[in-house]
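User: I am new to this structure and would like a close look at a single helix, followed through to the parts around it. Please explain formally what the helix touches and how its surroundings are arranged.

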Amino acid sequence: MTTPRTSGQGRTTLITTPTFARHAAEPWELLADGGAGPLRPYEDTALPTAELPRWAADADALIAGMDHITAEVMDAAPRLKVIAKHGVGTDTIDLAAARERGIPVVCAPGSNSRAVAEYTFGLVLDATRRITASHTAVMAGGWPKHFGPELYGKTLGVVGFGRIGRLVAGYAQAFGMRVVAHDPYVPGDAVTAAGAEPADLHTLLGRADVVTLHLPPAGEPLLTADRLAAMKPGAVLVNAARGDLVDDIALAGALHSGHLSAAALDAFTTEPLEHGHPLRTAPGVTLTSHMAACTPEANRAMGLMVAEDVLRVLAGQAPLNPA
């Protein structure tokens, strides 16, 4: 599909992420037909941070990916009426600055839940059975026989029991796993109703054979060096949520020491992951490029949700999915 690179008549929607509606024409058509012509300066890469203010100067709406949308970017865009996150987490957008300037921020909650949940469970299987490790060795000419535990009868610790956490719990239960869940915002009876056992974080970390994270960023690591040390010896950590939930230097140390047997990560504190980062040389790691939400189905749903809200705000209506 050829995607538009320049705006049409009327208002302009600046799109900074190359993944917007990559697998669906409808979001592009919705914006164009609604008089908010989509403009994406680069099709294959994100708009460089240094270029954001210049491109935003004439934008009425902004659809962003992992870009940092700061007060400076907003001040460089006098026509800006709405900021949309092409995804769920709005931690890269200065929400306070947007409120001060009267600019609504919208997102696409639930649009990628199933995509992320399925990918997360794929990482669980990969980390425990060392699938990628075997593939890499075979491609290099080897023929290793990696042993890894069966999931049946093991305990999955789900930290964050929202949409994605509950889906992952369901997949684990289908594999015959016990599920222990921790979420300070979800009542214990709701956890129990989903077939899981509620627990505090310390208890969960000490019991789980596999821990998976499904929380928004908290501004500081949830899994500090002390909490990583509190995990069950030989446990596996999976993180397809936010990189800053984990002290990644301490995680690399826990893998090198053998306290944790494996980790599968799709999110990092700094992205792309630096070439010299300790996780790159840690044993038992699977590292992927923040792609858990990358399915055609989720891509279409995200695009449609944010495009619809952009048009609603530009028309003077309340958004359906405010951040």
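Analyst: What follows is an account of helix α12 and its surroundings, in a model that is predicted.

Helix α12 covers residues 296–314 and has 19 residues. From its first C-alpha to its last it reaches 27 Å, close to the 27 Å expected at 1.5 Å a residue. Just after the helix, Gly-316 takes a positive phi of about 85°.

Which residues of α12 are buried? They are Ala-298, Asn-299, Met-302, Gly-303, Val-306, Ala-307, Asp-309, Val-310, Leu-311, Val-313 and Leu-314. The spacing in such a list can be read with one rule in mind: an α-helix has 3.6 residues a turn, so residues three or four places apart point the same way.

The next topic is the sheet beside the helix. Five strands, in the order β2-β1-β3-β4-β5, form an open sheet with parallel pairing. Its edge strands are β2 (36–39) and β5 (105–106), each of which pairs on one side only. Strand β1, residues 11–15, is joined to β2 by 4 bridges in the parallel sense. Within this pairing, Thr-13 stands opposite Pro-38 of β2. Helix α12 packs on the sheet and touches β1, β2, β3, β4 (82–85) and β5. The direction of α12 makes about 170° with that of β4.

A further helix, α1, lies across β1, β2 and β3 (61–64) of this sheet. Helix α1 runs at about 135° to β2.

Which residues join α12 and α1 through a salt bridge? The side chains concerned are those of Arg-300 and Glu-26, with a distance of 3.1 Å from N to O. Arg-300 belongs to helix α12 and Glu-26 to helix α1 (residues 26–33), so the pair links distant parts of the chain, 274 residues apart. Arg-300 is partly exposed, its relative accessible area being 38%. Glu-26 also counts as partly exposed, at 32% relative accessibility. In general terms, side chains of opposite charge can pair when their charged atoms come close.

This contact can be set beside others of its kind. A search of the whole structure finds 8 salt bridges. One residue pair so joined is Arg-207 and Glu-197, whose closest N and O atoms are 2.8 Å apart. Arg-207 lies in helix α9 (residues 201–207) and Glu-197 in strand β8 (residues 197–198), so this pair ties together parts that are 10 residues apart in sequence. Arg-207 is partly exposed, with a relative accessible area of 33%, and Glu-197 is partly exposed at 37%.

Asp-209 and Lys-232 also meet through their side chains in a salt bridge, at 2.8 Å from N to O. Asp-209 is in the loop between α9 and β9 (210–213), while Lys-232 is in the loop between α10 (225–229) and β10 (235–239), so the pair ties together parts that are 23 residues apart in sequence. In this pair Asp-209 is buried, with a relative accessible area of 19%, whereas Lys-232 is partly exposed at 30%. Elsewhere, Asp-75, Glu-100 and Arg-101 are linked in a network of salt bridges.

Several of the strands just named belong to another sheet. This open sheet has 7 strands, in the order β8-β7-β6-β9-β10-β11-β12, with parallel pairing. Strands β8 and β12 (285–287) stand at its edges with a single partner strand each, so one side of each is left without a neighbour in the sheet. Strand β6, residues 155–159, runs parallel to strand β7, residues 178–182, and 5 bridges join the two. Val-159 stands opposite His-182 of β7. Helix α5, residues 113–129, lies across β9, β10, β11 (260–265) and β12, and runs at about 150° to β10.

Finally, the cysteines may be considered. The structure holds 0 disulfides. Why is Cys-294 in no such bond? The closest cysteine sulfur, in Cys-107, is 17 Å from the sulfur of Cys-294, which is too far for a bond because a disulfide requires the two sulfur atoms to be within 2.5 Å. Cys-107 counts as buried at 7% relative accessibility, while Cys-294 is exposed, with a relative accessible area of 53%.

To return to the starting point, α12 packs on the sheet, and the salt bridge from Arg-300 reaches Glu-26 in helix α1.

Key:
Residues are numbered from 1 along each chain as its sequence is written. This is a predicted model: local features need pLDDT of at least 70, side-chain atom pairs count only at pLDDT 80 or more; totals for chains, interfaces and linings use all residues. Side-chain values use heavy atoms; hydrogens and water are left out. Buried means under 20% relative accessible area, exposed over 50%, partly exposed in between (1.4 Å probe, protein chains only). The expected span of a helix is 1.5 Å times one less than its number of residues. A salt bridge is a side-chain nitrogen of Lys or Arg within 4 Å of a carboxyl oxygen of Asp or Glu. Two strands pair if DSSP finds at least two bridges between them. Contact means heavy atoms within 4.5 Å. Axes are lines fitted to C-alpha atoms, for helices over the stretch in contact, and angles run from 0 to 180 degrees between N-to-C directions.
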